[in-house]
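Trainee: I want to test the labels on this model against their criteria. Can we go through them one by one?
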Amino acid sequence: MRTLQTLGRMPIGLTVPAFAILIIVFGAPIVLLFLTSLNAPALSIANYQAFLGQQANVRVLFQTIEVSVLATIICIIIGYPTAYLITAAPKRLRMVLLVLVIIPYLTSLLARTYAWIVILGDRGLINNLLLDLGLISSPLPLIYNRVAVYIGMVHIMLPVMILPLVSVMLGIDKSLVAAACSMGARPFAAFWRVFLPLSLPGVRSGSLLVFVLCLGFYITPAALGGLRDVMLSTFIAAQVATSFNMARTAAAAFILLGIAAVIVSALGLDLSDTPGRAEQPPRKSWRRRLPSFGTLTRNLNELAKPYRAKRWAAELYQVGGDGRDRKIVGTVFVLIVMFYLLFPGVVVITMSFNAGTFLQFPPSSLSLRWYRSFFGDPSWTTAALTSIQIGVAVVILSTIVGMLAAYGLSRTVPRLRAILTMMLLTPITFPSIVVGIAAYFGLLNLGLIGTITGIILTHCIGAVGYVVVIVSATLGNFDRRLELAAKSMRAGPLRTFMKVTLPLIWPGVMGGAVFAFIHSFDEVVKTSLISGFSIRTLPLKMWENMRHEIDPTIAAVASLLIFLPLLWLVALYVTWWRSRPKDQLAVPQL
Amino acid sequence: MSVNVRHPVAAEGQALEATPFPAQIEFCGVTKTYGQVTAVEGLSLTVQRGEFLTILGPSGSGKTTTLMLLAGFEAPTAGDILIAGKSVASVPSYRRDQGIVFQSYALFPHLSVRRNLDFPLEMRGVKAADTTRRVDRILARVQLSDLGGRMPSQLSGGQQQRVALARALVADPPILLLDEPLSALDRNLREQMQREIKSLHKEFGITTVYVTHDQDEALTLSDRIVVMRAGRIEQTDTPEALYDRPTTRFVAKFLGEANILEDTAVEVESDATRPFGTVAMIRPERICVADPTAPQRSDAIRRQVVAGTVDDMIYAGPLRKYHVRVGTSVLVVREHVASGQQIFRPGDEVRLDWLRSDVRFVAA
Ligand SMILES: Nc1ncnc2c1ncn2[C@@H]1O[C@H](COP(=O)(O)OP(=O)(O)OP(=O)(O)O)[C@@H](O)[C@H]1O
Ligand SMILES: [Mg+2]
């Protein structure tokens with residue numbers, strides 16, 4: 001009790017548990033690993049030279065960069081207009097469209113990747129259809145090539161691009177565009193000179209996020225690409241499995257990390273020069289740079305804003321002819337994007353009710369056969385139970401630790417807060433294979449490889465990152481004076497926190513918990529390294545299945561995983577939406 | 001310092017200039033509906049060249065909608081809008097050549113003050129040298145010459161407001177629209193900006209349509225005021241006429257305080273002349289309060305007299321306000337504080353009287 005109170009007086013102390021886990025599982029090992037890769041104490045760059053000396057390695061390296069850049073560009077090209085159209089849509093439609101983007105975003109990556117195998121495979125949806133129609137005589141090579149990799153990666157990354165964009169675009173005061181028009185700017189000029197520059201922060205955070213995630217991408221390229229489409233992550237993972245030369249592997253990981261750092265800082269610096277940044281109050285700017293989940297929270301807050309403030313030409317009325325055509329083109333575009341995002345899920349769910357021994361679309365007859373097979377097969381159910389068990393433990397641990405850390409961070413000076421937050425986020429901003437290798441190295445020394453505890457700790461460092469981002473965003477809206485008021489009424493720090501602060505930031509905490517669970521429940525890369533082949537989680541079992549035999553049971557599993565986001569949405573709706581009126585009371589409106 | 005103003009439309013028709021106030025803007029039976037909601041209904045209104053017209057009304061009465069229709073951001077559901085005699089139905093907002101000041105100022109946050117002011121000139125294809133000259137001039141006019149390099153976020157509320165005004169005026173548009181431009185400012189600043197707007201209006205001679213829900217602002221600034229209620233025009237008149245001769249009960253109550261004598265059950269002696277469907281109204285400052293024993297006034301023959309009891313006295317600076325109970329009802333009486341005046345306390349018996357000619361009949 002005493003220590004707790006001392007901690008309460010020293011806000012930075014609240015971050016201690018989070019940093020303790022981070023340093024043990026990730027921080028210390030990655031430093032050691034870096035030294036190992038330099039052959040410490042000899043300090044040579046021999047390992048790096050060896051890696052770069054091999055033609056094949058360099059090819060994989062460039063290929064990784066090329067694929068990531070291209071996937072990011074495609075995401076911008078598709079995502080920007082989509083986000084624009086979502087923002088411009090009437091309020092109710094906008095809600096629906098956002099939910100349709102969020103559903104795939106919350107859906108298991110494995111399930112979505114599996115859906116593409118089902119669609120593009122040699123016996124997949126498209127080939128079967130074409131064969132049946134007699135248009136082709138042998139299956140087209142749709143899968144296991146670069147195009148399939150792009151289709152899958154862009155599908156997975158598109159929501160990650162769209163959500164920050166929509167959030168930034170919703171924040172742009174529509175009367176600015178109206179003002180530009182009143183000053184003689186044609187619609188295009190108004191867009192180009194006013195809307196586009198103001199939306200660039202969204203483009204930046206979206207692209208950075210997509211690019212970094214792409215660099216560390218493992219599952220989707222490995223599942224959909226051919227032998228020549230190996231990404232560096234896959235390559236590194238293969239090395240861990242085959243050779244036990246830690247120094248070599250570490251060097252490869254640090255090269256990947258280095259590339260991410262170089263490109264991110266280049267991109268970040270370049271775009272952050274836009275004058276629009278000057279307009280951000282400095283308090284907010286550090287959160288600006290933590291995209292994705294914080295923006296999602298803000299996103300939903302935006303939707304809750306009263307409509308009246310943006311009354312001036314909320315929709316830019318186009319007097320004259322082409323308004324109609326534009327509307328049709330826009331509608332068709334959004335429909336295609338939504339189809340692309342959602343259709344794979346629909347296919348998998350439909351397939352899972354197939355009665356035949358092979359997966360067919362559309363199913364010849366319906367049955368629950370594969371669901372029975374899932375629930376009847378102990379290897380599947382044990383895997384599922386293990387995953388749930390790990391997930392629950394991760395949620396409890398990371399929510400408490402992350403919430404304390406976020407609360408502590410919110411009361412430290414901005415500069416320190418920015419640095420510490422960045423450090424806590426490294427497990428989710430670094431390519432996951434790098435995190436995985438570091439954790440593997442760290443837990444190996446602790447003898448935790450192949451244990452549930454090891455997996456929980458590994459998942460926790462990432463989950464804490466999500467909790468910190470989301471709770472921090474909620475704390476940003478929290479009126480500090482409420483705590484002072486409570487203290488003036490003789491409530492001690494602990495009671496103030498429990499009675500005043502916690503109830504008000506509860507939606508953020510719950511949001512963090514949901515994302516923590518999703519993170520843990522869908523994690524393959526790190527888990528596969530830490531599990532040491534002795535523990536099978538559900539994603540591991542699925543991944544194994546996807547790579548070897550395609551057991552149709554997986555369709556049932558994937559379908560269940562696709563239904564899961566609906567559960568999350570309901571959970572988020574209940575905590576976030578219902579808490580809205582309270583928020584509005586707390587923040588008086590002008 | 002005077003700015004030379006050329007109105008593009010003025011050059012078109014010399015005939016128009018012959019009359020002192022040729023119509024600049026005309027609303028002809030304009031209706032705007034959003035689904036089930038009718039925001040503006042059958043609005044007909046003429047704004048003269050160079051006039052300062054204020055649209056006044058409670059929240060949701062359709063003021064902003066009227067301005068958006070004029071600015072071209074919304075299209076009328078029915079009716080037509082003429083500017084300088086021509087229908088603008090097919091003219092998009094960016095061709096209407098109007099300066100607009102938005103409630104939130106709508107300064108471009110990513111552009112400096114100077115670049116904000118450049119914007120309208122650039123969009124009109126004004127040459128760079130000319131732009132610089134005009135921006136310098138208008139910056140000097142609104143006393144912001146030193147702040148051209150600042151970003152909007154680095155300005156105070158009043159400075160932002162002046163930049164917004166300058167930006168609306170820099171391209172010399174013939175029409176200026178303002179939607180509650182001062183509502184975000186505190187009282188002192190608001191009065192200062194009112195003077196500023198008034199003087200800019202005089203100087204530029206620009207046709208101005210100003211939207212507000214603040215009656216004092218409307219009374220101070222306007223040549224004419226349009227009072228709107230639920231999407232319809234209630235009355236259009238000069239500030240004096242509107243206050244002195246409101247035609248409806250709504251206007252009487254919305255602008256200033258009014259004693260509706262029907263509500264107060266005071267029998268009106270001049271009721272014989274009351275038109276059908278109207279009620280009698282008297283302004284609080286038209287009522288005299290006196291001691292019941294004091295001698296009658298010399299013009300007593302033209303006055304109506306009632307007896308009452310003081311309920312309450314409120315002292316408000318230069319004014320004293322009495323609530324006087326007459327029978328079962330309460331009349332509000334306002335008098336200017338002067339030396340030697342008798343002050344009544346709650347419970348005092350008083351005599352109220354007013355000129356019968358000060359009673360107004362307003363539509364119920
Ligand atoms: N886009 C819209 N969709 C539906 N109803 C609308 C829309 N715009 C305005 N309205 C409705 O039209 C009516 C008039 O709105 P308007 O904004 O013109 O009022 P206002 O006089 O400007 O009010 P305020 O003083 O609050 O700004 C209101 O009832 C409003 O709810
Ligand atoms: Mg309005």
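Trainee: How do you know whether helix α23 of chain A is straight or not, going by its span?

Mentor: This is a predicted model, so take the values as computed. A straight helix of 29 residues would span 42 Å at 1.5 Å a residue. Helix α23 (residues 493–521) of chain A spans only 35 Å between its end C-alpha atoms. The span falls short of the straight value.

Trainee: Where in α23(A) does a kink lie?

Mentor: At Trp506(A), shortly before the proline Pro507(A). The kink is about 60°.

Trainee: What makes the span of helix α18 of chain A agree with expectation?

Mentor: Helix α18 covers residues 378–410, which is 33 residues. At 1.5 Å a residue they should span 48 Å. The end C-alpha atoms are 46 Å apart, so the two agree.

Trainee: Why is Asp377(A) said to cap α18(A)?

Mentor: A side-chain oxygen of Asp377(A) lies 2.8 Å from the backbone nitrogen of Ser379(A). The cut-off for a polar contact is 3.5 Å. That contact caps the N-terminal end of α18(A).

Trainee: What makes Arg193(A) and Glu122(B) a salt bridge?

Mentor: Their closest N and O atoms are 2.5 Å apart. The limit is 4 Å, so the pair qualifies. The rule finds 1 salt bridge across the interface of chain B and chain A. Over all chains, the count comes to 25.

Trainee: Why does the salt bridge of Arg114(B) and Asp136(B) tie separate parts together?

Mentor: Arg114(B) lies in helix α4 of chain B, and Asp136(B) in helix α5 (residues 128–141) of chain B. The pair therefore joins parts 22 residues apart in sequence. The N to O distance is 2.4 Å.

Trainee: How many residues does each chain bring to the contact, and what area is buried?

Mentor: Chain B gives 37 residues and chain A gives 28. About 3000 Å² is buried between them, 64% of it from carbon and sulfur atoms. Phe73(B), Tyr94(B) and His110(B) supply 25% of the area that chain B buries against chain A, more than any other three residues.

Notes: Residues are numbered from 1 along each chain as its sequence is written. Chains are lettered from A and ligands numbered from 1 in the order in which they are written. This is a predicted model: local features need pLDDT of at least 70, side-chain atom pairs count only at pLDDT 80 or more; totals for chains, interfaces and linings use all residues. Side-chain values use heavy atoms; hydrogens and water are left out. Helices (H or I, at least four residues) and strands (E, at least two) are DSSP runs, numbered from the N terminus. The expected span of a helix is 1.5 Å times one less than its number of residues. The bend at a residue is the angle between axes fitted to the seven residues ending there and the seven starting there. Contact means heavy atoms within 4.5 Å. Buried area is the accessible area (1.4 Å probe) that two parts lose on being put together, summed over both. A salt bridge is a side-chain nitrogen of Lys or Arg within 4 Å of a carboxyl oxygen of Asp or Glu. A polar contact is a pair of N or O atoms within 3.5 Å; within protein, one must be able to donate a hydrogen and the other to accept it, and residues adjacent in sequence count only if both atoms are side-chain atoms.
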